[in-house]
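Student: I'd like to learn how to read a protein model. Could you walk me through it?

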Amino acid sequence: VLEKAVALGPEPEEAADLEYRMGSMMLKQGQDADEAAMHYVNALEMNPFHTGALAALEGHARDMGDWEQAAELVQVKVGQVEPEEQLDLFKELGQIFGDKLGRPDDSVAALEAARDLAPDDVEILSPLADAYYGAGRYDDAEPLLEQLLSSSGRGKRKDKARFTFRLGTIAEARDDMDGAREHFDKAYRLDSTYGPTLVALGRIH
């Protein structure tokens with residue numbers, strides 16, 4: 001019935017909704033997920049603002065491990081929502097680029113955009129510090145790591161150990177071996193089970 005309705009040549013928005021409904025019906029019936037996804041693609045070609053098709057196609061991309069497409073779709077969503085809704089999307093992009101795609105520079109750009117929207121959001125500091133660190137931007141990472149250390153509560157010793165270890169590797173990269181040793185020793189006292197710290201201590205002592 002839905003296919004016949006599409007064949008009648010409805011207006012783009014109605015046609016997009018029909019394509020979306022066909023894709024959703026196929027999934028409910030246990031049919032091929034890739035074929036269902038093509039209906040979502042068709043829906044977005046007819047109506048780029050069809051939120052249901054966009055969400056469904058993004059979910060399919062994630063299920064298939066296609067993180068390139070997932071990132072592209074999240075970027076499309078960024079351009080379609082109000083600034084207050086963009087914040088979580090930029091955080092999500094930072095995570096995808098950094099953890100899934102190994103693109104630290106793109107991760108930094110996304111997380112900097114998130115920080116611009118919410119400069120006082122402390123939840124952005126840790127992933128942004130990670131992104132700067134991963135991109136080798138140590139001068140940018142260092143003050144954030146120090147800020148995270150000073151703001152971490154007493155019960156977050158493992159987090160403090162990780163931040164301190166990274167400060168040690170930054171010092172080591174600058175050939176400040178005394179500073180590196182001091183940070184690694186402190187990181188070990190905070191968490192003696194953190195593997196990278198043990199390796200670093202074995203390397204510099």
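Student: What phi does glycine 102 take, just after helix 6?

Tutor: General idea first: most residues other than glycine have a negative phi. Here, glycine 102 takes a positive phi of about 60° just after helix 6. Helices here are DSSP runs of H or I with at least four residues, numbered from the N terminus. This is a predicted model, where local features need pLDDT of at least 70, side-chain atom pairs count only at pLDDT 80 or more, and totals for chains, interfaces and linings use all residues. Residues are numbered from 1 along each chain as its sequence is written, and side-chain values use heavy atoms, with hydrogens and water left out.

Student: And glycine 65, just after helix 4: what is its phi?

Tutor: Glycine 65 has a positive phi too, about 75°. Now look at aspartate 175, which isn't a glycine but still has a positive phi, near 65°. Aspartate 175 sits in the loop between helix 10 and helix 11.

Student: Is aspartate 175 buried or exposed?

Tutor: Buried means under 20% relative accessible area, exposed over 50%, and partly exposed in between, using a 1.4 Å probe and protein chains only. Aspartate 175 has a relative accessible area of 64%, so it's exposed. Glutamate 172, in helix 10 (residues 157-173), counts as buried because its relative accessibility is 18%.

Student: What does glutamate 172 contact, leaving aside neighbours within four places in sequence?

Tutor: Contact means heavy atoms within 4.5 Å. Glutamate 172 is in contact with Met177, Ala180, Phe184, Arg203 and Ile204, once neighbours within four places in sequence are set aside.

Student: How do I check the length of helix 4?

Tutor: Take 1.5 Å times one less than the number of residues to get the expected span. Helix 4 has 13 residues, so it should span 18 Å, and its end C-alpha atoms are indeed 18 Å apart. Helix 6 (residues 83-100) has 18 residues and reaches 25 Å from its first C-alpha to its last, close to the expected 26 Å.

Student: Which parts of helix 6 are buried, and what covers them?

Tutor: The buried residues of helix 6 include Leu89, Phe90, Leu93 and Phe97. Their cover includes helix 4 (51-63), helix 5 (67-78) and helix 7 (104-117). As for helix 4, its buried residues, among them Leu54 and Leu57, pack against helix 2 (12-28), helix 3 (33-46), helix 5 and helix 6.

Student: In the largest nonpolar core, which residues touch the most other members?

Tutor: A nonpolar core is a set of buried Ala, Val, Leu, Ile, Met, Phe, Trp, Tyr and Cys residues joined through side-chain atoms within 4.5 Å. The largest one has 40 residues, and Leu93, Leu145 and Phe184 touch the most other members. Apart from it lies another core, of 9 residues, including Ala16 and Leu73. Leucine 93 touches Ala71, Val74, Gln75, Val78 and Ala110, not counting residues up to four places away in sequence.

Student: At what angle do helix 8 and helix 9 pack?

Tutor: Axes are lines fitted to C-alpha atoms, for helices over the stretch in contact, and angles run from 0 to 180 degrees between N-to-C directions. Helix 8 and helix 9 pack at about 150°, with their axes 8 Å apart. That makes helix 8 roughly antiparallel to helix 9, a term for angles over 145 degrees (under 35 is roughly parallel, 65 to 115 roughly perpendicular, and the rest oblique).

Conventions: Helix = DSSP H or I, 4+ residues; strand = E, 2+ residues; numbered from the N terminus.
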